[in-house]
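Q: Got a minute to go through a model with me? Let's start with the vocabulary and then get to the details.
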Amino acid sequence: MTRFLITRILSAVPVLLVVSLVTFLLIWLVPGDISAELGGTDATPEELEAIRRRLGLDRPLWERALAWYGDLFRGDLGYSYLLQRPVLDAVLERLPVTLSLAGLALVLATVMGLMLGILAAVRHNTLADQGAMVTALIGLSIPDFWFGIVLIILFGVWLGWLPTGGFVALTDDPLGWARSMTLPAMTLALTQMGVIARMTRSSMLDVLGQDYVRTARAKGMPRGTVVFRHALRNAMVPIVTVVGVLTGILLSGAVVIETVFSLPGVGRLIVGAIQRRDFPIIQGGLLVTACVFVFVNIIVDMLYGWFDPRVRDGR
Amino acid sequence: MAAEAAPAPLSLAAEIARARRRRRAAFLRRLFGHPSFLIGFVILAAFAATALLADRIAPYAPTKIDYRAILAPPSAAHWFGTDGFGRDILSRILHGTRVSLTIGLWVVAMVGVFGTLLGTLASYVRWLDGLIMRGLDGLMAFPGVLLAIALAAALGPSETNAIIALTVTFTPRTARIVRASVLVVQGMQYIEAAHAVGAGHGRIVFRYILANALSPLIVQLTFVFAVSIIAEAILSFLGVGPPPPAPSLGNIIADGRSYIQEAWWIAVFPGIVIAVAVLGLNLMGDGLRDVLDPRQRVERGGH
């Protein structure tokens with residue numbers, strides 16, 4: 001297991017190198033004089049010159065790339081002139097909101113998706129099966145940010161049960177936090193549970209057709225025990241893969257949903273930075289989110305090894 | 001086998017052509033006999049028709065401002081209501097579908113080309129494999145459409161830049177799928193046979209390998225089409241897609257977000273249109289996968 005883990009962590013190194021290279025090149029794609037954008041409208045020529053020198057815009061690209069990597073290794077993601085603070089501080093301050101939203105949505109989507117998928121597999125080729133799969137397909141086809149707006153109109157504006165947006169910190173008021181997170185998390189979970197439901201169904205159908213399942217049933221084991229103890233555990237490997245993919249979708253979904261619900265996460269930070277054309281923040285937000293995703297993928301692969309010993313033994 | 005009397009080459013060619021036609025007809029029958037594909041196809045055709053005929057069937061010009069009908073609810077004059085400038089939502093949606101469709105088709109074409117190119121290069125040219133795959137892994141490490149959002153933000157809001165941003169975002173997964181299926185085909189005996197009879201690399205790649213590795217690519221591109229319609233809407237919603245006042249489904253929803261208290265119809269209707277179009281494409285993709293990739297039929301076969 002240790003060896004598997006080390007190989008897996010080492011394989012993340014080239015990925016992170018490419019991620020940071022793409023992030024670095026982002027600023028190079030911007031047409032026109034970037035120092036004017038970064039300094040804002042009221043920057044003096046001297047200030048612009050200082051920005052240009054600090055960013056090294058007078059130096060060739062490869063030198064700037066080396067400087068960028070040097071800064072990264074020292075944990076310096078750059079400086080936002082518009083926010084007047086280091087990028088890393090601004091991003092890390094917002095990260096908990098994004099992570100709790102994506103995490104909450106992941107738990108909800110996994111639980112609902114598993115239930116829906118197991119139901120569909122156990123009641124294969126019945127109305128329940130078809131209903132579950134249609135629900136899953138519709139969820140997959142709905143744009144999540146729009147669904148968020150619909151839920152706001154429904155539960156916020158018409159029924160008035162939940163706030164239409166805004167954020168309450170967990171430490172200030174746990175109930176208020178739950179109320180402010182319910183709609184955003186449900187938005188993401190309801191649109192994404194279909195992926196898990198579909199994978200659970202097909203993986204369970206595979207396993208339920210196996211001989212050992214028939215044997216378990218034949219020796220008189222209760223149906224629930226067979227489904228959950230024998231079948232589900234063996235059906236988990238493909239499901240875990242999908243959960244890993246889903247985490248990425250949920251992270252990026254959280255970024256967009258934060259804008260819809262006015263939640264102060266990394267997404268709102270990035271979108272605000274796009275409007276102000278504050279590129280260091282866009283770069284930093286992108287880089288940190290990608291790193292979180294790479295880290296999550298390592299955890300998913302470990303789970304993979306835990307569910308399927310063949311993976312960790314490298315067979 | 002060669003000992004059998006060889007028919008005259010001309011009639012053999014005719015026989016092959018006839019067999020091909022028969023196979024194609026059987027394939028189309030199976031495809032359109034698949035309920036998911038058929039429903040999806042009808043939806044997509046309707047979507048394409050509205051996009052093409054937007055000028056003719058839209059009751060108003062999409063940017064026509066009418067101060068006497070600001071935030072008018074759905075009515076006989078304005079089926080889907082009007083927005084804060086009194087612009088007709090139905091007309092804006094009809095024209096918006098054109099943007100979605102154009103961007104979707106371009107992204108599918110570009111992802112198809114670059115995905116095939118990178119996937120084939122990676123599997124065919126040994127020493128490029130590691131390099132290409134690590135690059136693609138890196139691009140796929142950006143979650144969801146986040147990379148597209150950042151790219152579109154850097155390049156500036158325009159239709160072309162949205163296409164570029166989405167292409168870069170969706171190519172890696174497609175290239176991996178092409179690579180995987182090319183690797184399978186490469187190991188087949190008929191490829192070895194083609195090498196043995198001295199077929200050139202170009203002929204082998206195009207006539208034999210790609211032709212036989214096409215199915216997963218086609219299925220994948222249908223899903224790319226679906227996600228790029230949603231992704232375009234996200235870009236427009238965040239203000240980095242095709243710029244207003246020209247309508248796109250995403251920027252109509254963005255307009256509507258400011259009016260959720262008093263005018264629900266602005267945001268709600270364009271989203272329904274997106275959902276229906278994407279549902280159609282997903283159904284088509286599911287149908288194509290069932291028909292093109294027989295292994296998946298296990299899933300429907302039961303236990």
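A: Sure. One definition before we start: helices are DSSP runs of H or I with at least four residues, strands are E runs of at least two, and both are numbered from the N terminus. Also, keep in mind that this is a predicted model.

Q: Okay, with that in hand, where is A:Arg277?
A: A:Arg277 sits in the loop between α11 and α12 of chain A, with α12 covering residues 279-307. Its phi is near 55°, a positive value in a residue other than glycine.

Q: And is A:Arg277 buried, exposed or partly exposed?
A: Partly exposed, because it has 18 C-beta neighbours inside 10 Å, and buried would take 20 or more.

Q: Which non-glycine residue besides that has a positive phi of about 50°?
A: A:Ser262, which is not a glycine but has a positive phi of about 50°. The loop it lies in runs between α10 (223-261) and α11 (266-276) of chain A. A:Ser262 counts as partly exposed because it has 14 C-beta neighbours inside 10 Å.

Q: Why flag a positive phi at all?
A: Because most residues other than glycine have a negative phi.

Q: Zooming out, what's the secondary structure of each chain?
A: Chain A has 13 helices and two strands. Chain B has 13 helices and zero strands.

Q: And the dimensions, what are those?
A: Along its principal axes, the C-alpha trace of chain A spans about 85 × 55 × 35 Å. For chain B the C-alpha box is roughly 85 × 45 × 40 Å.

Q: How much of each chain is buried?
A: In chain A, buried residues make up 42% of the 315 residues. In chain B they make up 46% of the 303 residues.

Q: What share of the contacts comes from residues 24 or more positions apart?
A: Counting contacts with a separation of 6 or more, that share is 72% in chain A and 68% in chain B.

Q: Switching to packing inside chain B: how do α7 and α10 cross?
A: The axes of α7 (residues 159-186) and α10 (residues 214-237) of chain B come within 10 Å and cross at roughly 160°. That makes α7(B) roughly antiparallel to α10(B), since angles over 145 degrees count that way. The crossing of α7(B) past α10(B) is right-handed.

Q: Which residues make that contact?
A: From α7(B), they include B:Leu166, B:Phe170 and B:Ile177. From α10(B), they include B:Leu217, B:Val224, B:Val227 and B:Glu232. By class, the residues of this contact divide into eleven nonpolar, four polar and one charged.

Q: Now the two chains together. How many residues does each put into the contact?
A: Chain B gives 39 residues and chain A gives 45 residues. On the chain B side, α5 (126-140), α6 (146-155), α10, α11 (249-257) and α12 (264-292) each supply at least two. The largest share there, nine residues, comes from α12(B).

Q: What's the chemistry of that chain B side, by class?
A: It has 25 nonpolar, ten polar and four charged residues.

Q: Last thing, what are the confidence scores?
A: The model scores ipTM 0.85 and pTM 0.86. Chain B averages a pLDDT of 84, with 93% of its residues scoring at least 70.

Q: Where does pLDDT stay under 50 in chain B?
A: Over residues 296-303 of chain B. For that stretch the model has twelve contacts beyond four places in sequence.

Technical notes:
Residues are numbered from 1 along each chain as its sequence is written. Chains are lettered from A and ligands numbered from 1 in the order in which they are written. This is a predicted model: local features need pLDDT of at least 70, side-chain atom pairs count only at pLDDT 80 or more; totals for chains, interfaces and linings use all residues. pLDDT is the predictor's confidence in each residue, from 0 to 100. Two residues are in contact if their C-beta atoms, placed from the backbone, lie within 7 Å. Axes are lines fitted to C-alpha atoms, for helices over the stretch in contact, and angles run from 0 to 180 degrees between N-to-C directions. Angles under 35 degrees count as roughly parallel, over 145 as roughly antiparallel, 65 to 115 as roughly perpendicular and the rest as oblique. A crossing is left-handed if the near helix is turned anticlockwise from the far one by less than a right angle, and right-handed if clockwise. Ala, Val, Leu, Ile, Met, Phe, Trp, Tyr, Cys and Pro count as nonpolar, Asp, Glu, Lys and Arg as charged, and the others, Gly among them, as polar. A residue is buried if 20 or more other C-beta atoms lie within 10 Å of its own, exposed if 12 or fewer, and partly exposed in between; C-beta atoms are placed from the backbone.
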